[in-house]
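Let's take a walk through this fold, one piece at a time. Keep the 3D view open as you read.

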Amino acid sequence: MKKVAIVTDSNSGITQQEAEKAGIFVLPMPFFIHEELYLEGITLTQEEFYEKLQGDADISTSQPSPGAVTELWDRVLKEYDELVHIPMSSGLSASCESAMALARDYEGRVFVVNNQRISVTQRQSVRDALVLAERGESGAEIKETLEKMKMESSIYITLETLKYLKKGGRITPAAAALGTILNLKPVLQIQGEKLDAFSKARGKAKARKIMLQAMHRDFEERFPEEVAAGAMTLWAAYGGNTEEAQEWLKEIKESFPGMECTMNPLSLSVACHIGPGSLAIACAKKVV
């Protein structure tokens, strides 16, 4: 049986400490803040990131350099026969396509998974990969299973402010100004490749209700068999606002009684584009 390593990036929200404990490897995502390079979870903490974001620092995301990727892979492959690399969705970053190109030089030892997930749903993919590796599946088999499940997840996000959507050019300054006056809170969704508009609400409380209703609808219409089989996971996520996040987690648990819900911070690559104060609910099919 081949020894298979699991590699992901910090878009999964998995910290270096968590990775070491779980026996996996996490590639830190790079950020440029006032043109200075920072690495998520190594030279940039969640707290530092939000402090700089709220201070209107010039922050941009990037993908890991080819050298950083291959350096990690080379180190891992000294101990393992194969590795499965699970990057963020190819619809949200070019890092997946770049990794696939690099993997061609590894003669079938590196398997890059394009399963269209990010943040907590990407974290679930890593959990699934670990389960499959422990069952003795090869890198190719793990990749195939995860990619078959790629559309079987859902994320809904609401925001505290429209400032960062305006800054990123996703909405016009006029729309942002009007939305702020009317206290409009967009609800965004990720179902597969990219971040899309889903709905909008007058106030965050209403936006939270819309997200809960949307997740119930997904469970009833998209994933009824998976829910019945106990194959769906439920997640809460947040962007820097821990106190509000605890209230949100309680609200989710009350709306989905008897179902376990795990809470984690949103990955910084998502938070960079939507700002602090965001809340999310997500689900993902798991390997059973």
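## Helix α11: does the length add up?

This is a predicted model, so let's start with a quick check on one of its helices. Helix α11 covers residues 242–255, which makes 14 residues. At 1.5 Å a residue, the helix should span 20 Å, and its end C-alpha atoms are indeed 20 Å apart, so the two agree.

Which residues of α11 are buried? They are Glu-244, Ala-245, Trp-248, Leu-249 and Ile-252. Look down the axis of α11 and these buried residues fall within an arc of 145°, so they line one face of the helix. Turn to the face pointing away from that buried side and you meet the exposed residues Glu-243, Lys-250 and Glu-254. As for the neighbours, the buried residues of α11 pack against helix α9 (204–222) and the strands β11 (232–238), β12 (261–265) and β13 (279–285).

## The six-strand sheet

Now for the sheet that those three strands belong to. It is an open sheet of 6 strands in the order β10-β9-β8-β13-β11-β12, and the pairing is mixed. β10 (195–202) and β12 sit at the edges with a single partner strand each, so one side of each has no neighbour in the sheet. On average, neighbouring strands here are turned by 20° against each other, ignoring direction.

What holds strands side by side like this? Strands of a sheet pair through backbone hydrogen bonds, either parallel or antiparallel. β11 and β13 run antiparallel and are joined by 7 bridges; in one of these pairings, Thr-233 has Ala-284 of β13 as its bridge partner. Our helix α11 packs on this sheet, touching β11, β12 and β13, and its direction makes about 155° with that of β11. Another helix, α5 (residues 119–134), lies across β8 (153–158), β11, β12 and β13, running at about 30° to β13.

## Strand β8, covered on both sides

How many of the residues of β8 are buried? The count is 6 of 6. In a regular strand the side chains alternate between the two faces of the sheet. In β8, Ser-153, Ile-155 and Ile-157 point one way, while Ser-154, Tyr-156 and Thr-158 point the other way, and all are buried.

β8 has partners to get to know, too. With β13 it pairs in the antiparallel sense over 6 bridges, and Ser-154 has Cys-283 of β13 as its bridge partner. β8 also runs antiparallel to strand β9 (residues 184–190), with 4 bridges joining the two; here Ile-155 stands opposite Ile-190.

## The four-strand sheet

There's another open sheet to find, with 4 strands in the order β2-β1-β6-β7 and parallel pairing. Its edge strands are β2 (25–27) and β7 (110–112), each pairing on one side only. The twist averages 25° from one strand to the next.

Strand β6 (residues 82–86) and β7 pair in the parallel sense over 3 bridges, and Val-84 stands opposite Phe-111 in β7. Helix α3 (residues 66–76) packs on this sheet, touching β1 (4–9), β2, β6 and β7, with its direction at about 170° to that of β2. Helix α6 (residues 139–148) packs on the sheet as well, touching β1, β6 and β7, and its direction makes about 0° with that of β7.

## Aromatic rings that meet

A search of the whole structure turns up 6 aromatic pairs. Take Phe-25 and Tyr-80: their ring centres are 5.9 Å apart and their planes lie at 85°, so the pair is edge-to-face. Phe-25 is in strand β2 and Tyr-80 is in the loop between α3 and β6, 55 residues apart, so to speak a link between distant parts of the chain. Both Phe-25 and Tyr-80 are buried.

Tyr-156 and Phe-198 make another edge-to-face pair, because their planes are at 65°, with the ring centres 5.0 Å apart. This pair also links distant parts of the chain: Tyr-156 belongs to β8 and Phe-198 to β10, 42 residues apart. Tyr-156 counts as buried because its relative accessibility is 2%, whereas Phe-198, at 30%, counts as partly exposed.

## A small hairpin

Finally, look at strands β3 (residues 30–33) and β4 (residues 36–39), which run antiparallel and are joined by 4 bridges. Phe-31 has Tyr-38 of β4 as its bridge partner, and Phe-31 also forms one aromatic cluster with Phe-49 and Tyr-50. The hairpin has 2 residues between the strands, and His-34 takes a positive phi near 50° there.

Technical notes. Residues are numbered from 1 along each chain as its sequence is written. This is a predicted model: local features need pLDDT of at least 70, side-chain atom pairs count only at pLDDT 80 or more; totals for chains, interfaces and linings use all residues. Side-chain values use heavy atoms; hydrogens and water are left out. The expected span of a helix is 1.5 Å times one less than its number of residues. Buried means under 20% relative accessible area, exposed over 50%, partly exposed in between (1.4 Å probe, protein chains only). The arc is that of the directions from the helix axis to the C-beta atoms. Contact means heavy atoms within 4.5 Å. Two strands pair if DSSP finds at least two bridges between them. Axes are lines fitted to C-alpha atoms, for helices over the stretch in contact, and angles run from 0 to 180 degrees between N-to-C directions. Rings of Phe, Tyr and Trp (its six-membered ring) pair if their centres lie within 6.5 Å; planes under 30 degrees apart count as stacked, over 60 as edge-to-face and the rest as tilted.
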